[in-house]
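Open the model in a viewer and keep the sequence panel visible. The stops below each begin with a selection and then say what is found there.

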Amino acid sequence: MSGHCLIRNADLVVTMDDAGSEHPATDLRLRDGVIAEIGRNLPPEGAEIVDARGCLVTPGLVNTHHHLFQTMTRAVPGAQDAALFGWLKTLYPIWARMGPEHMRVSALAGLAELALSGCTLSSDHLYLFPNGARLDDTIDAATEIGLRFHPTRGAMSIGESRGGLPPDALVEDERAILEDCIRVIDAHHDPAPGAMVRVGVAPCSPFSVSRELMRDAALLARDKGVRLHTHLAENDEDVAYSLATFGCRPGQYAEDLGWTGDDVWHAHCVKLDRGEIDLFAHSRTGVAHCPCSNCRLASGIAPVRAMLDAGMRVGLGVDGSASNDAGNIVAEARQAMLLQRVASGPEAMSSRAALRLATRGGAEVLGRHDCGQIATGFRADIALWDMGGIEAAGSWDPAALFLAGPTKVRDLFVEGRRIVSQGRIVTIDLDRLLSRQRALAVALADQVRP
């Protein structure tokens with residue numbers, strides 16, 4: 001049971017509800033995993049009291065694209081200054097040495113980092129399974145941390161010997177991929193409202209899987225009632241590969257194989273053209289926008305303003321920590337806001353618009369219409385931000401979190417359970433985790449150094 005908690009005397013509650021309501025001096029009652037009541041001077045009724053004076057309260061933030069296993073390979077020499085394809089070529093042989101413990105420890109560290117940045121719901125795209133690693137390793141980690149989790153069973157099936165990018169040692173047989181997708185869906189996917197785990201199907205990218213696997217994956221996902229995810233149109237090389245190999249742009253490739261619709265979301269989409277934007281808007285296909293990674297790999301600035309104007313569903317993703325080097329969703333939202341201003345002018349994205357992407361936008365992309373808002377009946381996924389620190393000193397508008405505010409949450413509730421308290425994660429021993437992660441990362445580096 002999630003219990004009963006009363007968040008009292010918040011300076012401001014920003015709801016992201018249909019009316020865009022913002023409530024000063026407000027209380028929230030969290031009961032049995034949902035937001036039960038919003039108002040002033042609510043009676044205790046036996047609840048645990050959380051004093052929110054001096055705090056901004058928002059919906060928990062949502063991360064729509066990650067590769068948690070990459071938390072083990074940050075700032076790797078040789079990959080620090082490369083574009084996407086060269087970056088992957090450097091890292092594939094390192095990732096091939098990882099195993100189940102690497103996957104689990106990386107996921108624990110990555111999800112803890114997300115939680116400390118106010119994230120209550122995260123997807124993950126795990127597309128390689130070396131040395132006995134399984135998607136279950138990351139699901140176990142998310143259960144331990146206490147975050148709401150949307151893992152996706154990724155895959156690579158076309159290795160270098162068949163014209164793909166990854167080494168042959170990291171690709172899998174396509175029949176085995178589909179069978180394992182069925183296994184993890186049957187074992188872990190929960191379609192019910194308030195679900196803590198929902199599983200998706202996610203062949204990695206057009207340059208690492210066959211057209212047949214993409215088509216079969218879409219058929220399987222729809223038969224099972226789960227969502228579809230992949231990388232698409234990430235940079236110029238990606239588009240050039242699609243044109244040369246498939247004779248069409250990425251959007252057409254996706255549509256031809258059944259990869260458009262309300263149950264699909266694509267990562268990046270930096271290079272979508274006007275026709276592809278209209279296609280995705282009309283088909284209700286979602287996008288995970290990953291601005292920090294796109295900058296780090298020099299992929300470009302995604303046309304998010306045009307996407308939103310067309311009516312596309314857009315959420316934010318931190319992407320993997322080997323291409324971002326951070327897993328802070330606040331930093332991602334700020335970067336999204338700033339890049340759209342650089343590309344399209346100072347009114348292209350406000351701080352509140354960025355907050356909407358980071359909350360309700362991401363929830364909609366993941367099909368979680370029970371999350372992303374502070375409204376009665378929605379899941380009790382809540383972030384409290386202490387606005388009394390140096391980051392917000394002198395701010396006239398506490399709701400402008402991504403202009404002047406903290407990048408670390410004070411308190412975080414998921415399904416009404418407190419995951420972060422006074423800036424410290426309370427569900428795991430973080431110091432012990434980080435010690436183990438450092439040991440694993442050092443040993444991995446020692447194996448690959450010449």
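Select strand 15 together with strand 16 (residues 417-421): the two run antiparallel and are joined by three bridges. This is a predicted model. Within this pair, L412 stands opposite V420 of strand 16. Now look at the turn of the hairpin, where two residues lie between strand 15 and strand 16. E415 has a positive phi there, near 55°.

Add strand 14 (residues 382-386), which pairs with strand 15 in the antiparallel sense, again over three bridges. Here F413 of strand 15 is the bridge partner of I382. Next, show the side chains of strand 15 (residues 411-414). Are its faces covered or open? Both faces are covered. D411 and F413 are on one side, L412 and V414 are on the other, and all of them are buried.

Move to helix 1 (residues 84-95). The end C-alpha atoms of its 12 residues are 16 Å apart, which agrees with the 16 Å expected at 1.5 Å a residue. Colour the buried residues of this helix: L84, F85, W87, L88, L91, Y92, I94 and W95. To see part of what covers them, display helix 6 (236-246), helix 9 (291-296) and helix 13 (430-448).

Stay on helix 1 and select Y92 and W95, which are three residues apart, about one turn of the helix. The two rings form an edge-to-face aromatic pair, 6.1 Å centre to centre with 80° between the planes. Y92 counts as buried because its relative accessible area is 1%, under the 20% cut-off. W95 is buried as well, with a relative accessible area of 0%. Extend the selection to F69, W87 and Y127, which form one aromatic cluster with Y92 and W95. The model has eight aromatic pairs in total.

For another ring, select F129 and R153. R153 lies over the face of F129, at 4.1 Å from the ring centre.

The last stop is S321, in the loop between strand 13 (313-316) and helix 11 (329-344). Is S321 buried or exposed? S321 is buried, with a relative accessible area of 0%. Which side chain makes a polar contact with the side chain of S321? The side chain of R74 does, at 3.3 Å. Show the surroundings too: leaving aside residues up to four places away in sequence, S321 touches H66, H67, Q70, T71, R74, E113, A326 and G327.

Terms used: Residues numbered from 1 in each chain as written. Predicted model: local features only at pLDDT ≥ 70, side-chain atom pairs only at ≥ 80, totals over all residues. Heavy atoms only, no water. Phe/Tyr/Trp six-rings, centres within 6.5 Å; stacked < 30°, edge-to-face > 60°. Helix = DSSP H or I, 4+ residues; strand = E, 2+ residues; numbered from the N terminus. Buried < 20%, exposed > 50% of the residue type's maximum accessible area, 1.4 Å probe, protein only. Lys NZ or Arg CZ within 6 Å of the ring centre and 35° of its normal. Expected span 1.5 Å × (residues − 1). Contact = heavy atoms within 4.5 Å. Polar contact = N/O pair within 3.5 Å; in protein donor to acceptor, adjacent residues only side chain to side chain. Pairing = 2+ DSSP bridges.
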